[in-house]
Structure formats: structure tokens, C-alpha cells
Amino acid sequence: MSDAIKQRQINPKAESVQSSASTWLERREHGDWSGRDQQEFDLWLAVSPAHTIAYLRVEDVWNRANRLRALNHPERNRAAIFRRWTFLARIAAVAAVVVLVGAASVIYLLTPRDTIYTTEVGQRENLLLADGSQIELNTDTALRISAGGGNKTITLEKGEAYFDVKHDAKRPFVVRVGGGRVIDLGTRFLVRQSSNRIKVAVFEGRARFDLAESGIRTRSAVLVPGEVAVAAAGRMSVTKPAPQVLVDDLAWRRSELVFHFTSLADAAAEFNRYNQKKLIVQDSEIARLEIGGTFGMHDVTGFSRQVRHLLGIRADDRGAEIVLSR
Amino acid sequence: MTEIADTISEMPEDWPPGTLAVRSKENVWFVAEVLPLEGLLLKFLRRGWRNENDIKDLCQDVYMEVYEVAKAEIPASAKAFVFAIARNVLVDRIRREQIVSIEAVADFETLGLATEEPGPDRTAIARQELRRLQAALDRMPKRWREAVVMRKIQEMSRPEIAVRLGIAEATVSQHLAAGMGALANLFHDDLTELKKKP
């Protein structure tokens, strides 16, 4: 019996632990999280593994609930799709009448139906395809889905997207991006296109990345988990960064930005991808200063407050922008 | 410049909001492999232990033991491991309470949940997930749901929600925290009863 008493004394009541964990998560969600809060939180976590577990559990479901956000804009997307269809249908119909009246319906049916999905700055969107594949669009992204041919072709017109593909050897899943394409071989991967640079990172399974190098030659690499291919100016290089770096590449899916010895200029550029309120780094000397940490991606104000404090620089909030200077 | 370099090296101490502690290998494994088993685990515990009031604590006991082991070494099969621990926790508990329930022991002997059976594939789970989240949201008390929807779907800040609902910010925090907890419970467990109503 003494065992039982001991056991009950050591383990706190699950319900009260969960309630504290939720309270912590709620506090962390908001911008006014200070170093002191973090210390308190670390202390709370250290009290019992039950605390860490309860926190992970509440946070996990809360992060999963980001999917619910997709419910926010279904009308907008549907409207966009509808407009596109009618337009294409019209072209198809006119062409059909001119060329061969009898085949009008056939051509109409064969017209590839493109769907374009877009996100604005700061937005994110989850897509669930009919085959069960999932795509998560990051900020300021445009993605075209063509369902005409024998395979599923998706074009990343701009921005960044995470793909969780339901593999089907008969209908390969192809993502076109810039001068290249990524072919899934049963996988989860990330594709990002930014100013003439394409980045493909594979998290699970395998994916083939083909890049048209100097027009005629095609360079091809089969990427395994942990590998990242970067293509710029028609050249491709494959690296295997530290696992943590890869994990941090997906921080946006949790609405976070993670910096690790990141220059202030790069960190500001990263924040600016997600926010209308822009960070401007005034001179090149402070642009090179390095910072690290995890931030809420929309917490521009909190971030500038932190760098001001830690780097001893000025942060001038002018409403539409925050200017960082010496 | 030296001063700045020093500041940076000290940063992890109080650099908010840091999640380094939360992203260790055992934590990542726990979230990815163990938490998805919760529905099944609760079913297993309920069949072995009839007092519903103890179920959450038993579940926590299982999690804590699993977690302690994972800190040293990640078990090869999460499912087999979690249910082996769950069985031990139940046996211990039954022995301690000295109310040897033959029914309970027989029950989980025949339950056969601890074996490695192929679950639904990942994409099927992903498809279910949105439905489960919606169902969880639907079954939550209205006040909590409103706060969660405004925060999560409409991405409103705490002050904005307070203005919209005409309540204090502190109350919004309470509703949100309660909603977060309820969402986790309802997501994992269809049978959760919400005792506290706002």
C-alpha cells in the first residue's frame, strides 16, 4: 500500500496539470512573452515530466487545429476556380466550333481544368487533394493544379509549399518550379521559390529533382530524407544540413520563425515575408549582426523590441514599418 | 562588438519565446508516435479499470513511464511499448487497490490491443483529422468555442477578441486556455465529458 501512496504523491493530478499546460500555451501565444515568463515556464516544465507531456499534448492539438483555418476561405477559392473554368470553357467552345463542330463536347471535356490557389502575405492555406495528398501553402504563394493529363501536375508559381504526397506509381505527382521539376517517389517535401532560387528539401521518402541546366542538359538528383537541393542560375547543389536546420525550415507551419546565427538582414527579410508591417534595416553594419531564437511569425513588434534590447540598436516604429538603425 | 558577441552567447538563457527544450528527440517522438495512440490507450484503460475518475491519471502514469524510458532510448515500436506499459500500470493499480477484478484482468488479456496491427494509413488519418477537429469544436461549450474560433480561424488577437465579445482580456485568456484543453481532450477521446462549464 505504501507504494500506492507514494505513487499518488509523486504524480500530480492529470486534470490540474492539463489546466496549467493550457494556461501556459495561452500565455505563450501572445506577443508580450518576456524573458522572465520564459524562465517561469522553464521552471514549471522542470517540476515534473508530466508537465512537459501535458504541454506537448495541448500544443500538438492546438497546432493541428491550424487546419481549421482552411475553413476560413473556401468561398473565395471556389469563386476563383469557377471564374477560371468559365473562361477556359469559353475558349474551348469557340475553338471547337471553329475547328470541328462535332467534336465540341469532346474538346470541352478534354480542356485541362487549372485551379489556382493563392495566399496573401501572412496567410497560410491547407489543401487536401482528392487522392489524399496534402499541400500546405506558406505566405504569399501561388500554386496551380492541372488535372488534365495522366499525371498530377502542380506548378509552384511563387512562394513556398509543403507537400505530403499520397504516392501512386501510375500517376506520378509532379511539381514544376522555375526551370525545374520535382517528382515524388513517395514522400514529404518542401519547395520554395524566391528570386531565381529554388530550394527543395525532403523530409520523408524520396523525390527526384530535375533541373534544366543551360537549356539542353538536365541535371537530376534523387533526394533522400534530410537532403536539400538548391538551384540558382541554372546550377544545382545538394547538401545535407544538420537535422535541426531542416526542422526549422518547417517552423512556419507552426506560425514560428526560428533563427540560429542569422544575420539581422536575413531575419528582417524573413519577417517581411509574413507581415505587411515591414522591418527596414537601415545600415549595412547592423545588417550583419547575428541573432538567434524562436519567434511568432507575426510578432514584428516583439522581435524589434528584442533586437533593440539585445543588440543595443535603435528601433523606430513608424506605423507601417519599423526602422532598425544604430 | 565584443559586448554584442557576449550577449548573443548568453541568449538561450532567456531568449523568448524559446522552444528548444520542447523540441528534444524524445519530445518529437512523443508527439509523433505516442500521442496519436491516446484514443486507443483510453479504451484499453477503461476496459481494465472501471472507475472513470481515475482514467486520466492512469493515462498520465502511462505517459510518464513511457517518457522516462524514451529519454534514455527511443523504443523501436511505440505502440507495442505503450501498451506493455499500460498493462503494467493497470496490473500495479489493481494489485495496490486490493480489489482484484477478475473481469478486468481477463478483459485485457483478451483485448489484444498491444499487438502491432496495421493502422489506417497516414493520409486516411489526415483526412479524418479535420473532421475530428471540427467535431471537437462543435462539442465544446459555446464561450470556449467562440474564443477558439476567433483566435485560431479568424486569427484575432486577445484584445480584439475581448472587444468583440465584450468581456475582459483576462476572461478571454481563461476561455482560450479552457478551449485549448477541451480541444485536446475531445480530439483524442470521443467519450470525454466536459465537467466544467463556463
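B:R158 is buried in this predicted model, with a relative accessibility of 11%. Its side chain meets that of B:E169 in a salt bridge, with 3.6 Å from N to O. B:E169, in contrast to a buried residue, counts as partly exposed, at 37% relative accessibility. Over all chains, the structure holds 31 salt bridges; a few of them are set out below, followed by some totals for chain A.

**The pair in chain B**

- B:R158 belongs to helix α9 of chain B, which covers residues 158–165.
- B:E169 belongs to helix α10 of chain B, which covers residues 169–188.
- The two residues are 11 positions apart, and their pairing links distant parts of the chain.
- The cut-off for buried is under 20% relative accessible area, so B:R158, at 11%, falls on the buried side.

**A network in chain A**

- Four residues of chain A are joined into one network: A:E160, A:R192, A:E270 and A:R273.
- What joins these residues is a set of salt bridges that share partners.

**Salt bridge between A:D140 and A:K158**

- A:D140 and A:K158 form a salt bridge in which the closest N and O atoms are 2.8 Å apart.
- A:D140 lies in the loop between β3 (134–137) and β4 (142–146) of chain A, while A:K158 lies in strand β5 (residues 152–164), so the pair ties together parts that are 18 residues apart in sequence.
- A:D140 is partly exposed, its relative accessible area being 30%.
- A:K158 is also partly exposed, with a relative accessible area of 41%.

**Salt bridge between A:E256 and A:R254**

- The closest N and O atoms of A:E256 and A:R254 are 2.9 Å apart, and the two residues form a salt bridge.
- A:E256 counts as buried, at 13% relative accessibility.
- A:R254 is partly exposed, with a relative accessible area of 25%.
- Side chains of opposite charge can pair when their charged atoms come close.

**Chain A as a whole**

- Chain A contains 10 helices and 16 strands.
- Of the 326 residues in chain A, 49% are buried.
- Among contacts in chain A with a separation of 6 or more, 48% come from residues 24 or more positions apart.
- The exposed area of chain A is about 15800 Å², and carbon and sulfur atoms supply 54% of that area.

How values were computed: Residues numbered from 1 in each chain as written. Chains lettered and ligands numbered in written order. Predicted model: local features only at pLDDT ≥ 70, side-chain atom pairs only at ≥ 80, totals over all residues. Heavy atoms only, no water. Helix = DSSP H or I, 4+ residues; strand = E, 2+ residues; numbered from the N terminus. Buried < 20%, exposed > 50% of the residue type's maximum accessible area, 1.4 Å probe, protein only. Contact = heavy atoms within 4.5 Å. Areas by Shrake-Rupley, 256 points an atom, 1.4 Å probe, with all protein chains shown as cover.
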